[in-house]
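Please examine the structure shown here together with its sequence. The report concerns strand arrangement and charged side-chain pairs.

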Amino acid sequence: MNITIIQQEIVWGDKAANLRTFGNNVKSLYGKTDLVILPEMFSTGFSVDHPEQAESTEGEAISLIKQWSSEGNFAIASSFMAAENGKSYNRGFFCCPDGTISFADKRHLFIGDEQKYFAAGDKLLDITFRGVRFRLLICFDLRFPVWSRNKSGNDYDVLIYTANWPKARIDAWDALTVARAIENQAYVAAVNAVGTDSYKIEHNGHSAIIDPRGKLLTEPIPDFESGIRSIDIDLEMLQHVRTRFPFSRSNDDFNINV
């Protein structure tokens, strides 16, 4: 299984520009990978104070995602600004080449405007694609280990975080992405944006794919620069780690109430 991450600047609020630039990068990968992961709210940026930019799951952004996925013969994962029943959501998606697409909304909304304008989700996005089990979570969800928890030890193989994580707290991003890989004995594919958002907050990236022992597998992308990285994950190694050190047998039992 080959996984590709795209770290890219998002033009906040300019859907046409973002769909064009992400489209160019995605198309350059046609036939070369199995999964492409984009930053959070790839089509609009984190402009949550402009919910009028939200669209349905039949809108332009998702229609293009389905097209790119089909033409490239790979899955695409990220989130977009969704509108449904008069509410706005930061909606994660995992789109397969055959056109099937799964959705789940961001559970932990960031303090401030996202909580003001958006509604929180209440379910996890778990999907199996080409024999690999994935869970997709969104940005601030990273800070909440229970929501990320590989409870059975085999809930997923790869934990995806799509994000617009700021430079001011990038040390937390670096630490928590590694921690989530180690504590869940899973690969983590963490994709962040770069650039300056509508709140004048800087984002410097630090996107990475991390193995279940906490080792960074991808070559670092320089701060504030766009870049694409691909890596083959090793499910045999993952199973070896889980079998050799079956830490999940000691997991505390719990229930999540949402």
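The following sections describe a predicted model, beginning with the sheet and then turning to the salt bridges.

## The six-stranded sheet

Six strands form an open sheet with mixed pairing, and their order is S5-S4-S3-S2-S1-S13. The edges are strand S5, residues 101-105, and strand S13, residues 227-232, each of which pairs on one side only. From one strand to the next, the twist averages 30 degrees.

At the S5 edge, strand S4 (residues 87-95) is joined to S5 by five bridges, and the two strands run antiparallel. Within this pairing, Phe 93 stands opposite Phe 103 in S5.

## The helix across the sheet

Helix H1 comprises residues 15-27 and lies across four strands: S1 (2-7), S2 (35-37), S3 (75-84) and S13. Relative to S1, helix H1 runs at about 150 degrees.

## Salt bridges between distant parts of the chain

In the whole structure, a search finds 13 salt bridges. One of them involves helix H1: the side chains of Glu 55 and Lys 15 meet with an N to O distance of 2.5 Å. Lys 15 belongs to helix H1, whereas Glu 55 is in the loop between S2 and helix H2 (60-72); the pair thus links distant parts of the chain, 40 residues apart. Both residues, Glu 55 and Lys 15, are buried.

A salt bridge also connects Lys 106 with Glu 40, whose closest N and O atoms are 3.2 Å apart. Because Lys 106 lies in the loop between S5 and helix H3 (113-117) and Glu 40 in the loop between S2 and H2, this pair ties together parts that are 66 residues apart in sequence. Lys 106 and Glu 40 are buried.

## A pair with contrasting exposure, and a network

Asp 211 and Arg 213 form a further salt bridge, with 2.9 Å between the closest N and O atoms. Are these two partners buried or exposed? Asp 211 has 2% relative accessibility and therefore counts as buried, since buried means under 20%. Arg 213 has 53% relative accessibility and therefore counts as exposed, the cut-off for exposed being over 50%.

Which residues are joined into one network by salt bridges that share partners? The network consists of Glu 40, Lys 106 and Glu 114. Two of these residues, Lys 106 and Glu 40, form the salt bridge described above.

Key
Residues are numbered from 1 along each chain as its sequence is written. This is a predicted model: local features need pLDDT of at least 70, side-chain atom pairs count only at pLDDT 80 or more; totals for chains, interfaces and linings use all residues. Side-chain values use heavy atoms; hydrogens and water are left out. Two strands pair if DSSP finds at least two bridges between them. Axes are lines fitted to C-alpha atoms, for helices over the stretch in contact, and angles run from 0 to 180 degrees between N-to-C directions. Contact means heavy atoms within 4.5 Å. A salt bridge is a side-chain nitrogen of Lys or Arg within 4 Å of a carboxyl oxygen of Asp or Glu. Buried means under 20% relative accessible area, exposed over 50%, partly exposed in between (1.4 Å probe, protein chains only).
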